[in-house]
Amino acid sequence: MSASLTSLLKSREAILVAVIALVMVLISTRFPGFVALSNLVSVFNDTSPLILLALGQMVVILTRCIDLSVAANLALTGMVCAMLNVAYPDLPIVVSLVLAVFLGGVMGAFNGILVWKLGIPPIVVTLGTMTIYRGIIFLLSDGSWVNSHEMSAHFTGFPRQVILGLPVLSWIAIVMAGVMVLVMTRTALGRSFYAVGGNPHAAVYTGIDVGKTQFIAFVISGMLAGLAGYLWIARYAVAYVDIAGGFELDVVAACVIGGISIAGGLGTVGGAVLGALFLGVIKNALPVIDVSPFWQLAISGAAIILAVTFNTRADRTKGRVILKSAEQAQ
Amino acid sequence: MAETPDGAQERPVLALDRIVKEFPGVRALDGVELELHPGEVTALIGENGAGKSTVVKILTGIYQPDGGQILIDGQPTAFPTAQAAADAGVTAIHQETVLFDELSVAENIFIGHAPRTRFGMIDRAGMKRRAGEILASIGAEIDPGVRLRDLGIASRHLVAIARALSIDARVVIMDEPTAALSQKEIEELYELVDTLKAQGKAILFISHKFDEIFRIADRYTVFRDGQFVGAGLMRDTDEGALVQMMVGRSVDQIFPKRESLLGVELLKVVGYSHPTEFEDINFTLRRGEILGFYGLVGAGRSEFMQSLIGITKPSKGVVRLEDRIKIIRSPADAIDAGIVYVPEDRGRQGAILDLPIFQNVTLPSLGQTSKHGFTQLAEEFALARKYTQRLDLRAASLDTHVGSLSGGNQQKVVIAKWLATRPKVIILDEPTKGIDIGSKAAVHDFMSELAAEGLSVIMVSSEIPEIMGMADRVIVMREGRIAAELEGDALTPETLVRHAAGIGLKEDAA
């Protein structure tokens with residue numbers, strides 16, 4: 001009974017891999033170039049910012065919260081990095097990276113403090129900070145753009161440098177996914193995210209501070225959003241107020257499709273990454289086969305509903321198992 | 001056909017005939033009888049776990065009996081849904097009254113059966129007028145237009161009662177209605193009960209307080225361990241006889257025999273108080289001792305334990321462990337000090353159902369299984385295996401999700417989790433509540449073993465046989481204070497009940 005349950009959870013990721021593979025096979029029948037290695041590398045690279053944000057969002061959702069401010073965080077951090085680069089073109093990349101992570105972390109901490117200390121529902125907090133962070137970009141930039149010719153070459157070149165056939169942007173996504181796997185499966189902190197989401201009351205008795213754990217989740221989400229902020233504006237070599245507008249919904253969608261339970265406590269790094277990749281493949285594949293962008297939205301939406309339906313069905317199976325074991329005990 | 005207090009013969013409006021209700025491994029009701037007569041108050045009396053709340057749930061259509069009959073006016077009937085019970089005129093006013101804060105008093109009274117206008121819309125004016133009439137009939141001065149959240153607890157009770165009357169109830173069930181009321185509010189409630197009696201309602205009154213049972217009830221029915229013990233007229237009985245019926249004769253459950261090898265004093269709690277829940281709790285605990293905490297529901301036992309482990313803050317008081325003052329501000333501090341708490345409500349407070357067994361067990365002990373900040377899976381499995389084997393936990397694998405285990409096995413996982421932290425004091429809150437008899441015996445055996453190994457156990461229990469069979473010494477709490485500390489010959493089922501219920505020992509000794 002346990003084996004089937006575990007395999008079911010594992011197969012949730014297996015099914016996602018199969019679906020992604022199926023989409024790629026279907027596309028390749030009409031456009032073989034799509035599955036060429038070079039194109040797959042570019043699809044992965046395109047999806048890397050989404051992967052970074054989904055990793056952070058996953059942690060937040062695991063603790064029964066949600067972070068709608070990630071895209072605004074990304075845009076604000078990106079704008080600050082870009083303006084700093086314009087002012088001090090020779091600043092080393094390391095400084096930009098550290099600043100981006102720090103600034104993103106501070107914005108995440110602000111969300112986290114409001115949730116932890118004031119007990120405001122996360123959806124309200126981050127809906128508010130989402131607008132605040134966007135507003136700050138406007139105040140900083142006066143609504144004007146920072147364009148590629150204003151940025152220095154090493155600043156925009158860093159995410160595009162190719163190492164072992166993959167751009168640095170992709171490598172960063174891979175390394176962060178690896179770090180998150182380690183954190184989530186092998187540390188007390190990672191375990192406490194699952195405990196807080198799975199049963200906050202039990203977590204309290206186990207000596208886990210629920211609010212503090214949620215705070216840390218927001219900080220992690222913010223740091224990853226900040227990191228993605230620098231990488232995003234450097235890669236596209238442009239920064240403006242509305243950058244990545246609406247991207248937070250893609251991020252939440254990636255998590256939900258990846259099997260992260262919106263009720264908290266259930267989900268894996270692998271699921272978040274696969275959810276992001278699924279959206280990335282759809283987004284890149286549909287234009288190739290001449291499908292209108294409106295269909296892209298519809299397909300993403302359908303995928304979300306399918307994923308949630310699948311998750312609830314999986315949960316229902318679990319309920320039946322409980323009844324069955326109760327019957328056996330009788 | 002029972003005799004009424006007035007000597008007339010009258011048929012009960014509602015009767016239960018040999019009702020049986022079974023849960024996995026437990027027979028909650030075993031052929032119980034109950035008769036409710038129009039214009040009379042019947043008190044349902046019994047210890048915690050006697051089956052009172054199960055009866056209420058059967059009467060209100062929430063549970064279906066596995067055997068026996070429900071009779072209304074002598075006719076067999078069934079309550080397949082809560083609505084069916086309401087349609088038959090049975091209504092319950094619960095301990096925590098179920099009402100809607102944001103709706104008006106009138107809307108609360110009429111929700112689900114509001115009067116309609118000709119066009120099928122809710123007749124707001126008519127509803128408000130009718131609500132006012134009903135409230136006036138029970139002497140409640142409440143404006144039917146105000147929002148419920150603006151009312152105090154006593155007024156909310158009145159609204160709940162008005163709601164019961166609005167559906168033309170014939171049977172009103174009051175489950176511990178005075179638990180949260182002040183003395184003045186209680187007097188008002190008594191008057192209201194008299195009003196309901198005068199209107200010919202049959203009232204089932206569930207209470208632990210003997211003074212109010214004698215004040216208000218016409219009849220009594222006593223349950224013990226899911227069985228019907230006796231019924232009769234209040235005027236033919238006294239406190240002593242009722243207590244005798246409640247606790248029964250001998251303790252026929254088998255508990256592990258053990259030699260008490262009491263060691264030195266380990267824990268000393270002095271003057272522990274809380275602004276609202278308990279006051280001036282003092283006791284000591286020796287190494288290898290099992291200390292029982294007995295009391296009625298709401299006596300403040302769990303609240304005190306939660307404060308002791310840092311979930312809530314005490315207003316004053318000192319904890320000394322091994323002769324050193326321990327400051328416990330959070331559950332993490334308590335775990336570090338070696339005091340752990342296995343909560344009563346496994347589902348809510350105990351296990352994390354989505355995590356596998358081994359991760360549940362190691363959750364508070366990840367420090368033990370970690371190297372350089374990373375937990376080692378092999379060591380986690382070893383730790384989990386060690387403690388689950390000790391508890392004889394049978395599961396396919398330690399990877400099994402706790403949600404798929406039976407209640408007894410979930411309890412074992414929670415206990416294993418706490419033992420793995422190598423505590424000095426383990427607090428078990430209702431350790432065998434709701435688990436099957438086999439698992440109960442295993443938990444009892446295990447408790448004895450722990451004590452024999454020098455661990456000190458605090459056992460909060462409402463089951464008299466368990467307290468009598470397991471504890472070396474018992475502290476009885478009543479209304480947030482220690483009512484008595486009993487051991488040896490002074491520890492009998494009767495003394496426990498009397499101290500817990502606050503019945504004078506001297507006057508009834510005769």
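# Rings, sheets and confidence

User: How far from the centre of the ring of Tyr63(B) does the charged end of Lys21(B) sit?

Analyst: Happy to start there. A charge sits over a ring if NZ of Lys or CZ of Arg is within 6 Å of the ring centre and within 35 degrees of the ring normal. The charged end of Lys21(B) is placed over the Tyr63(B) ring, and its distance from the centre is 5.4 Å.

User: In what order are the chains of this model lettered?

Analyst: This is a predicted model, where local features need pLDDT (the predictor's confidence in each residue, from 0 to 100) of at least 70, side-chain atom pairs count only at pLDDT 80 or more, and totals for chains, interfaces and linings use all residues; side-chain values use heavy atoms, leaving out hydrogens and water. Residues are numbered from 1 along each chain as its sequence is written, while ligands are numbered from 1 and chains lettered from A in the order in which they are written.

User: Which are the edge strands of the open sheet that holds β5 and β11 of chain B?

Analyst: Helices (H or I, at least four residues) and strands (E, at least two) are DSSP runs numbered from the N terminus, and two strands pair if DSSP finds at least two bridges between them. The order of the six strands in chain B is β8-β9-β10-β5-β11-β12, with mixed pairing. Neighbours in this sheet are turned by 20° against each other on average, direction ignored. The strands that pair on one side only are β8 (90–93) and β12 (227–233) of chain B.

User: Which residue in β11(B) is the bridge partner of Thr42(B)?

Analyst: Strand β5 (residues 41–45) and strand β11 (residues 219–224) of chain B pair in the parallel sense over four bridges. One of the partnerships joins Ile45(B) to Val222(B). For Thr42(B), the partner is Arg219(B).

User: How many residues lie between β11(B) and β12(B) in their hairpin?

Analyst: These strands run antiparallel and are joined by six bridges, with Arg219(B) opposite Leu233(B). In the turn, Asp225(B) has a positive phi of about 50°. The number of residues between the strands is two.

User: Are the residues of β11(B) buried or exposed?

Analyst: Buried means under 20% relative accessible area, exposed over 50%, and partly exposed in between, with a 1.4 Å probe and protein chains only. Arg219(B), Thr221(B) and Phe223(B) point one way from the strand, whereas Tyr220(B), Val222(B) and Arg224(B) point the other way. The count is six of six, so β11(B) is largely enclosed by the rest of the structure. In short, all of these residues are buried.

User: What angle does the direction of helix α6 of chain B make with that of β10(B)?

Analyst: Axes here are lines fitted to C-alpha atoms, for helices over the stretch in contact (heavy atoms within 4.5 Å), and angles run from 0 to 180 degrees between N-to-C directions. Helix α8 (residues 239–247) of chain B lies across β5, β11 and β12, at about 30° to β11(B). Helix α6 (residues 183–198) packs on the sheet and touches β5, β9 (171–175) and β10 (202–206) of chain B, its angle to β10(B) being about 150°.

User: Which residue in β23(B) stands opposite Gly292(B)?

Analyst: A further open sheet of six strands in chain B follows the order β18-β21-β22-β15-β23-β24, with mixed pairing. Within it, β15(B) and strand β23 (residues 473–478) run parallel and are joined by five bridges. Opposite Gly292(B) stands Val474(B).

User: How are the rings of Phe293(B) and Phe304(B) arranged?

Analyst: Rings of Phe, Tyr and Trp (its six-membered ring) pair if their centres lie within 6.5 Å; planes under 30 degrees apart count as stacked, over 60 as edge-to-face and the rest as tilted. Both Phe293(B) and Phe304(B) are buried, and they belong to one aromatic cluster with Tyr272(B), Phe278(B) and Phe283(B). Their centres are 6.1 Å apart and their planes at 20°, so the pair is stacked.

User: Where in chain A is confidence lowest?

Analyst: Chain A averages a pLDDT of 88, with 91% of the residues scoring at least 70. Over residues 316–330 of chain A, pLDDT stays under 50. Confidence is highest in α10(A), at 97, and lowest, at a mean of 62, in helix α13 (residues 293–329) of chain A.
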